[in-house]
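Student: I have a model open and want to go through it with you. Where should we begin?

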Protein chains: 2
Amino acid sequence: MNERDVPGAAKAKDHRARVTQILIEKAFTQLLRAKPIHRISVKELCEAAGINRGTFYAHYADLYDLLAKMEARLMADLQRALEPLLAEDAQEPTLLALTSVIFRCLKENEDICAITLGPHGDREFTARLLDMARERCLAVYARRFDATPRQLSYYYAFVSSGCIGLLEKWAQEDMATGAEEIAAIASGIMVYGIEFLKAPDLRE
Amino acid sequence: MNERDVPGAAKAKDHRARVTQILIEKAFTQLLRAKPIHRISVKELCEAAGINRGTFYAHYADLYDLLAKMEARLMADLQRALEPLLAEDAQEPTLLALTSVIFRCLKENEDICAITLGPHGDREFTARLLDMARERCLAVYARRFDATPRQLSYYYAFVSSGCIGLLEKWAQEDMATGAEEIAAIASGIMVYGIEFLKAPDLRE
DNA sequence: TAGAAAATCAACAGCATGTTCATTTTCGAT
DNA sequence: ATCGAAAATGAACATGCTGTTGATTTTCTA
């Protein structure tokens with residue numbers, strides 16, 4: 001029988017395949033630090049990774065496919081981390097609990113985040129990221145505040161994108177500070193607005 | 001003598017050049033609505049615009065150069081609009097005044113915003129957009145609140161990106177609502193945080 | 001150790017790129 | 001209205017990357 005047959009964890013790949021995948025991804029992330037994806041060629045990537053170009057095409061359709069697959073892994077990770085909090089029957093999570101889970105998960109995927117959230121990342125992905133939690137969060141807000149749907153959606157648009165911005169800054173600083181601290185800042189601003197700047201407990 | 005010699009307004013171009021520029025930009029924005037820039041070829045764009053490929057290269061180095069030039073125009077517009085508010089000797093603007101000016105300017109450049117803020121837009125540009133007002137805004141905050149620089153920078157990161165998110169949503173809705181209303185929402189959230197959802201004056 | 005899977009290498013046609021040059025069209029100024 | 005300048009066109013070109021194929025070699029798994 002198979003030693004591992006977890007449905008979500010996909011196929012147990014060949015050792016060689018795993019190595020080349022790592023080589024490719026590492027070279028890719030390094031290149032992406034230096035220039036935007038559209039300035040990178042498959043040829044170039046393969047030379048940097050030290051693998052054959054044919055091998056690349058055996059795994060990915062093109063660079064964007066590669067990027068998409070890396071992003072998909074991150075999404076799945078986040079989904080898994082968020083699942084217990086957002087389950088229908090679960091207790092309503094606090095904003096801080098939510099952001100803590102998210103930021104902790106993203107810290108574990110720092111290398112990918114550094115790309116997708118960096119200046120060369122794609123907006124489409126962050127949009128998908130936000131979409132994941134939208135409905136649930138809106139439902140929670142709607143239950144707690146009797147605001148109009150329009151107000152709610154605007155608030156969510158602002159606040160979720162704000163978290164992304166904070167994330168970006170965090171990633172720029174190589175995620176040096178703890179995930180919990182950043183999460184506290186995020187929820188602090190979300191809740192208190194500009195009063196956050198007066199909150200003495202967050203001063204350093 | 002030259003009829004027009006405004007230093008900022010650049011060169012008074014030939015009538016033909018202006019026409020082709022418009023044709024190119026129009027075709028470009030239309031294509032960008034359908035697919036990301038990396039799926040668009042120069043050949044394709046020129047056919048859509050009904051111009052010769054050689055003509056395109058006479059004006060731009062590549063598609064990204066074209067995009068950059070369009071973005072630069074928007075930036076200059078915004079800079080001009082913001083100048084009086086952010087001048088050293090000017091009275092300190094309210095958050096609402098600031099956002100109003102910004103959102104109004106962006107509404108006037110709706111077509112470009114729809115691209116750069118859409119899912120296929122580039123993060124680099126929005127980052128530059130935020131950078132423009134950063135120092136000044138931070139200085140204003142620092143004067144009003146005695147928060148640490150670190151707190152300030154986090155707050156700014158969150159809030160400016162939040163505005164972008166709001167902007168995005170607004171652009172998705174074809175900027176149907178007035179710029180002032182959106183600006184009020186933005187500053188409302190920035191100031192009041194989640195209390196914004198209870199503010200009765202903004203209910204519809 | 002044998003068979004299967006993966007990586008390599010070489011070669012290929014196809015295509016977009018970016019450039020050049022001669023030619024034609026259009027503009028602006030006289 | 002005309003002339004010279006500027007811009008657009010069309011064609012042709014070398015170039016480089018692309019994506020695919022088939023034969024071969026290496027490496028893993030059972």
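Tutor: Begin with residue classes: Ala, Val, Leu, Ile, Met, Phe, Trp, Tyr, Cys and Pro count as nonpolar, Asp, Glu, Lys and Arg as charged, and the others, Gly among them, as polar. Keep in mind that this is a predicted model.

Student: How do the residues of the surface near DNA strand C divide by class?

Tutor: In total, 18 residues surround DNA strand C. Thr20(A), Asn52(A), Thr55(A), Arg16(B) and Arg53(B) are the closest. By class, the surface splits into five nonpolar, six polar and seven charged residues.

Student: Of the atoms of DNA strand C within 4 Å of the protein, what percentage belongs to sugar or phosphate?

Tutor: Phosphate oxygens of the strand lie 3.1 Å from a backbone N or O atom of Val42(B) and 3.2 Å from a polar backbone atom of Lys43(B). Bases take part too: a polar side-chain atom of Arg16(B) is 2.7 Å from a base oxygen. Among the strand atoms within 4 Å of the protein, the sugar or phosphate part is 65%.

Student: Which side chains meet in a salt bridge across the interface of domain 1 of chain A and domain 2 of chain A?

Tutor: Domain 1 of chain A spans 1-60, and domain 2 spans 70-203. Together they bury about 630 Å². On the domain 1 side, Glu25(A), Thr29(A) and Leu32(A) lose the most area, together 55% of what that side buries. The rule finds one salt bridge across this interface, and with N to O at 2.9 Å its partners are Arg73(A) and Glu25(A).

Key: Residues are numbered from 1 along each chain as its sequence is written. Chains are lettered from A and ligands numbered from 1 in the order in which they are written. This is a predicted model: local features need pLDDT of at least 70, side-chain atom pairs count only at pLDDT 80 or more; totals for chains, interfaces and linings use all residues. Side-chain values use heavy atoms; hydrogens and water are left out. A residue is near a molecule or strand if one of its heavy atoms lies within 4 Å of it. A polar contact is a pair of N or O atoms within 3.5 Å; within protein, one must be able to donate a hydrogen and the other to accept it, and residues adjacent in sequence count only if both atoms are side-chain atoms. Domain bounds come from an automatic or database domain assignment. Buried area is the accessible area (1.4 Å probe) that two parts lose on being put together, summed over both. A salt bridge is a side-chain nitrogen of Lys or Arg within 4 Å of a carboxyl oxygen of Asp or Glu.
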